[in-house]
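Biologist: Please take a close look at the largest nonpolar core of this protein. Which residues make up this core, and which helices supply them?

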Amino acid sequence: MTANHALYPTGMMARVLGVSQSGFYAWRDRKPSRRAQADAVLTEKTGAFHGRSELTYGSPRINAGLLDESIQAGRKRVERLMKAAGLRGARKRKCVTTGIRDKRHRPAADMADRNFYADAPNVLWGEPTRAIGSNASANDITFVPTWAGFIYLPVVLYTFSRRIAGSATR
């Protein structure tokens with residue numbers, strides 16, 4: 001009724017909504033209840049906890065923090081106030097399958113036999129790798145999730161010295 005006060009008379013809006021005019025004025029001029037005042041204070045403290053956690057804490061952790069400061073509030077109440085204030089905890093990401101092997105093709109031979117340790121140069125595969133020098137290498141590609149999508153990080157590692165021979169991002 002307050003929003004439409006300039007467009008329609010209060011008496012007419014009260015009749016349409018089925019409330020008394022005096023009840024509307026009493027509601028408008030009434031101070032917030034003790035519960036509403038307590039909720040406002042609790043929302044402020046919840047926002048402070050949420051900000052200190054770098055916007056990661058959800059209602060269970062914030063509730064535990066409030067209990068540590070001897071502030072009694074139920075988890076559901078904290079949850080309701082956080083939702084009303086637009087605060088959300090960070091969620092763990094789901095595990096994403098980034099590649100599925102085609103079962104029709106035979107996998108590449110494992111020349112290192114899953115042994116990625118070398119006692120000396122050139123003993124893992126027997127002969128030097130011409131492309132990267134005289135040390136046998138292990139290769140891998142990793143998918144790094146970002147907000148913009150995946151970043152692909154391929155790495156070539158010398159097995160004897162455990163130094164990275166090369167890497168790139170795409």
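Modeller: Here is the core, followed by its surroundings.

This is a predicted model, so local features need pLDDT of at least 70, side-chain atom pairs count only at pLDDT 80 or more, and totals for chains, interfaces and linings use all residues. Residues are numbered from 1 along each chain as its sequence is written, and side-chain values use heavy atoms, with hydrogens and water left out.

The setting comes first. The protein has five helices and three strands. Both are DSSP runs numbered from the N terminus: helices are H or I with at least four residues, strands are E with at least two. Along the sequence the pattern reads α-α-α-α-α-β-β-β. Of the 170 residues, 19% count as buried. Buried means under 20% relative accessible area, exposed means over 50%, and partly exposed lies in between (1.4 Å probe, protein chains only).

Now the core. Nine residues make up the largest nonpolar core: L42, F49, I62, L66, I71, A73, V78, L81 and M82. Such a core is a set of buried Ala, Val, Leu, Ile, Met, Phe, Trp, Tyr and Cys residues joined through side-chain atoms within 4.5 Å. Helices α3 (34-52), α4 and α5 (75-85) each supply at least two of its residues. Helix α5 gives the most, with three residues.

L66 shows how the parts meet. Leaving aside neighbours within four places in sequence, L66 is in contact with L42, K45, T46, F49, I71 and V78. Contact means heavy atoms within 4.5 Å.

S59 lies in helix α4 (residues 59-68). S59 counts as buried because its relative accessibility is 10%. Not counting residues up to four places away in sequence, S59 touches R75, V78, E79 and M82. Of these contacts, V78 and M82 are listed in the core.

F49 has a further partner. The charged end of R52 sits over the ring of F49, 4.6 Å from its centre. The criterion is NZ of Lys or CZ of Arg within 6 Å of the ring centre and within 35 degrees of the ring normal.

Next, helix α1 (residues 10-17). There T10, G11, M13 and A14 are buried. They cover an arc of only 165° around the axis, which puts them on the same side of α1. The arc is that of the directions from the helix axis to the C-beta atoms. An α-helix has 3.6 residues a turn, so residues three or four places apart point the same way. The face of α1 turned away from its buried side carries the exposed residues R15 and V16. The cover over the buried residues of α1 includes α2 (21-29). Just after α1, G18 takes a positive phi of about 75°.

R28 lies in helix α2. R28 is partly exposed, at 40% relative accessibility. R28 and M1 are 27 residues apart in sequence, yet 9.9 Å apart in space, C-alpha to C-alpha.

Last, the rings. The structure holds four aromatic pairs. Rings of Phe, Tyr and Trp (its six-membered ring) pair if their centres lie within 6.5 Å; planes under 30 degrees apart count as stacked, over 60 as edge-to-face and the rest as tilted. F143 and Y152 form an edge-to-face pair, 4.9 Å centre to centre with 80° between the planes. F143 is partly exposed at 30% relative accessibility, and Y152 is partly exposed at 35%. Ring pairs also link F24, Y25 and W27 into a cluster.
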